[in-house]
Amino acid sequence: MEDCLFCKIAAGEVPSNKLYEDDQLLAFYDIDPQAPVHFLVIPKKHIPSAAALTEEDGALLGHIFATIARLCDSLGCDGGYRIVSNVGEDAGQSVKHLHFHVMAKRQMGWPAG
Ligand code: 5GP
Ligand code: ZN
């Protein structure tokens, strides 16, 4: 999608600190990390947010979550990790392309702010 920052990152038009990539998704480090480990996982296809997901995205979501688990294993996130996907303004979604924040290696507070 034109003028979507994460579509441009997925296409390699905007550089990113890449962690993992395949034909369906890209994982890259957040530019403004909120934890010692903080990366984002995005589908390569443009989906505006989790609110736009359908039953047909089930396999993609399974692949995203399995990849997150594998990456967290490889990064040694033994104490656990938090996965967050902000949807809409109240939640603070600033980039309108579905993304999962993965944060680890510090104690997380609850409830989330
Ligand atoms: P949101 O606020 O939409 O949930 O998350 C967007 C995230 O994207 C933020 O954590 C922000 O730091 C990150 N971000 C914004 N622009 C860039 C960029 O150009 N490169 C990278 N790596 N992360 C970005
Ligand atoms: Zn996009």
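**Zinc site, pocket and nonpolar core in a predicted model**

P48 is found in the loop between β3 and α2. In this predicted model, P48 has a relative accessibility of 40% and therefore counts as partly exposed, as the value falls between the 20% limit for buried and the 50% limit for exposed. Along the chain, P48 and F100 are 52 residues apart, and their C-alpha atoms are separated by 12 Å.

The loop between β3 (37-43) and α2 (58-74) also holds H46, a residue of the zinc site. The zinc ion (ligand 2) is coordinated through the SG atoms of C4 and C7 and the ND1 atoms of H46 and H97, at 2.0 to 2.3 Å. The angles subtended by the four donor atoms run from 105 to 117°, so the arrangement is tetrahedral; the criterion applied is that all angles lie between 85 and 135 degrees. The donor residues of the zinc ion (ligand 2) follow the sequence spacing C-x2-C-x38-H-x50-H. Within this set, C4 and H46 link distant parts of the chain, with C4 in the segment before α1 (5-10) and H46 42 residues away from C4. The two residues fall into separate accessibility classes: C4 counts as buried because its relative accessibility is 6%, and H46 counts as partly exposed because its value is 26%.

The largest pocket encloses about 560 Å³ of space. Its lining comprises 32 residues, and D30, D32, H38, L40 and H101 lie nearest the centre of the pocket. By residue class, the lining of the largest pocket divides into 16 nonpolar, 12 polar and four charged residues. At least two lining residues are supplied by each of α1, β2 (25-29), β3, β4 (81-84) and β5 (100-104). Helix α1 gives the most to this lining, with three residues.

D30, one of the residues nearest the centre of the largest pocket, lies in the loop between β2 and β3. The relative accessible area of D30 is 16%, and the residue is therefore buried, the limit being under 20%. D30 and S16 are 14 residues apart in sequence, with a C-alpha to C-alpha distance of 8.7 Å.

The largest nonpolar core contains 16 residues. Those with the most contacts inside this core are F39, V41, I64, I68, C72 and V102. Contributions of at least two residues each come from β2, β3, α2 and β5. The largest share of the core, five residues, comes from α2. In soluble globular proteins, nonpolar side chains tend to be buried together.

I64, among the core residues with the most contacts, is placed in helix α2. With a relative accessible area of 0%, I64 is classed as buried because the value is under 20%. I64 and S94 are 30 residues apart along the chain, and 21 Å separates their C-alpha atoms. F39, also among the core residues with the most contacts, is 21 residues from K18 along the chain, with a C-alpha separation of 9.1 Å. K18 lies in strand β1 (residues 18-21). Because its relative accessible area is 46%, K18 is partly exposed.

Backbone geometry was examined next. Most residues other than glycine have a negative phi, and most peptide bonds are trans. D3 has a positive phi of about 60° although it is not a glycine. D3 is located in the segment before α1, and its relative accessibility of 68% is the reason why D3 counts as exposed, the limit being over 50%. K105, likewise not a glycine, has a positive phi of about 70°. K105 is found in the segment after β5; its relative accessibility is 45%, so K105 counts as partly exposed. The peptide bond joining W110 and P111 is cis, with omega about 5°. P111 lies in the segment after β5.

How values were computed: Residues are numbered from 1 along each chain as its sequence is written. Chains are lettered from A and ligands numbered from 1 in the order in which they are written. This is a predicted model: local features need pLDDT of at least 70, side-chain atom pairs count only at pLDDT 80 or more; totals for chains, interfaces and linings use all residues. Side-chain values use heavy atoms; hydrogens and water are left out. Donors are N, O and S atoms within 2.8 Å of the metal (3.2 Å for Na, K and Ca); water is not among the atoms, so sites may look incomplete. Four donors count as tetrahedral if all angles lie between 85 and 135 degrees; four count as square planar and six as octahedral if opposite donors are over 155 degrees apart and all others between 65 and 115; anything else is irregular. Helices (H or I, at least four residues) and strands (E, at least two) are DSSP runs, numbered from the N terminus. Buried means under 20% relative accessible area, exposed over 50%, partly exposed in between (1.4 Å probe, protein chains only). On a 1 Å grid over the protein atoms alone, a cavity is a set of points where a 1.4 Å probe fits but cannot get out, and a pocket is an open set with protein on both sides within 12 Å along at least five of seven lines; lining residues have an atom within 4 Å of a point. Grid points are joined across faces, edges and corners, and a volume is the space filled by probe spheres set on the points. Ala, Val, Leu, Ile, Met, Phe, Trp, Tyr, Cys and Pro count as nonpolar, Asp, Glu, Lys and Arg as charged, and the others, Gly among them, as polar. A nonpolar core is a set of buried Ala, Val, Leu, Ile, Met, Phe, Trp, Tyr and Cys residues joined through side-chain atoms within 4.5 Å.
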